[in-house]
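Reader: Could you take me through one part of this model up close? I'd like to hear how the helices pack, and then what the strands and loops around them are doing.

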Amino acid sequence: MVKITRNFLKRVDVQELLELVGGPNGEKILMKVPSTKFVSEFSLADLVNIHINKVRSILYKFYEHKIVEFTKHKDLDRGLYIYSWRLLLDNVKSTLIKNKKAEIKILQDKLLSEGLQNHFKCHGCGTFYTYDQSLNNNFSCPYDDSPLKMVDRQREVRKIRRQVSSLEKQIMILRKMAS
Ligand SMILES: [Zn+2]
């Protein structure tokens, strides 16, 4: 097992994820949340110099992804609840994996999509046709009679396949990590 430490948060893909979930200030706030103990949101707000309400709403977004957890207690002087937060490093990892899986799904859908299967293009109007459609029209465009030329989509297909296999490798490596 490769150990996950706080350095994990500095990975480019994790930073992107944190911004995706928590917005532009998300990463800044999360970097101050410890994983070993709970810290009050008032201290966090002071540390990052962002208004308490804003800090809480951002932490809630992370909470929805189980990246942080909280406890609350009633402040008797002020008569309101104070939330304290703790970072769940392992869940940052699992959210990252989930995110990469979603990226793979998008890429695979793209591979199956019409766009990559339309193999012929009209040189006149630019309309795409499948092989069968082109054959039925004797390889000329039904709108303007221009010749239909084959479009080589293999380069694009190979690029997407490489992206998928790279993401799969990243997921495999991530699965071997734990805090
Ligand atoms: Zn045409």
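Author: Here is a walk through the helix packing, followed by the strands and a few loop residues. A quick note before we start: this is a predicted model, where local features need pLDDT of at least 70 and side-chain atom pairs count only at pLDDT 80 or more, while totals for chains, interfaces and linings use all residues. Residues are numbered from 1 along each chain as its sequence is written.

Let's begin with H1, residues 12-22. Helices here (H or I, at least four residues) and strands (E, at least two) are DSSP runs, numbered from the N terminus. The buried residues of H1 are Leu17, Leu18 and Gly22, buried being 20 or more other C-beta atoms within 10 Å of a residue's own, exposed 12 or fewer, and partly exposed in between, with C-beta atoms placed from the backbone. They cover an arc of only 105 degrees around the axis, so they sit on the same side of H1; the arc is that of the directions from the helix axis to the C-beta atoms. What they pack against is H2 (26-30), H4 and H5. Just after H1 comes Gly23, with a positive phi of about 75 degrees.

Now for H1 against H5 (residues 89-112): their axes come within 10 Å and cross at roughly 85 degrees. Axes are lines fitted to C-alpha atoms, for helices over the stretch in contact, and angles run from 0 to 180 degrees between N-to-C directions. That makes H1 roughly perpendicular to H5 (under 35 degrees is roughly parallel, over 145 roughly antiparallel, 65 to 115 roughly perpendicular, and the rest oblique). From H1, the contact uses Asp13, Val14 and Leu17, and from H5 it uses Val92, Thr95, Leu96 and Asn99; contact means C-beta atoms, placed from the backbone, within 7 Å. By class, that's four nonpolar, two polar and one charged, where Ala, Val, Leu, Ile, Met, Phe, Trp, Tyr, Cys and Pro count as nonpolar, Asp, Glu, Lys and Arg as charged, and the others, Gly among them, as polar.

H3 and H4 have their axes 9 Å apart, at an angle of about 110 degrees, which makes H3 roughly perpendicular to H4. Glu41, Phe42, Leu44, Ala45 and Val48 in H3 meet Ile52, Val55, Arg56 and Leu59 in H4. This contact has seven nonpolar, no polar and two charged residues. In the loop between H3 (41-48) and H4 (52-64) you'll find Asn49, with a positive phi near 60 degrees. With 8 C-beta neighbours inside 10 Å, Asn49 counts as exposed.

On to the strands. S3 (residues 68-75) and S4 (residues 80-87) pair antiparallel over eight bridges; pairing takes at least two DSSP bridges between two strands. Val68 sits opposite Leu87. The two strands form a hairpin with four residues between them, and Gly79 in the turn has a positive phi of about 65 degrees.

There's also an open, antiparallel sheet of three strands, ordered S6-S5-S7. S6 (128-129) and S7 (148-150) are at the edges with a single partner strand each, so one side of each has no neighbour in the sheet. Three bridges join S5 (residues 120-122) to S7, and Lys121 has Lys149 as its bridge partner. Last stop: Asn138, in the loop between H7 (131-136) and S7, has a positive phi near 50 degrees. Asn138 is exposed, with 9 other C-beta atoms within 10 Å.

Notes. Contact = placed C-beta atoms within 7 Å.
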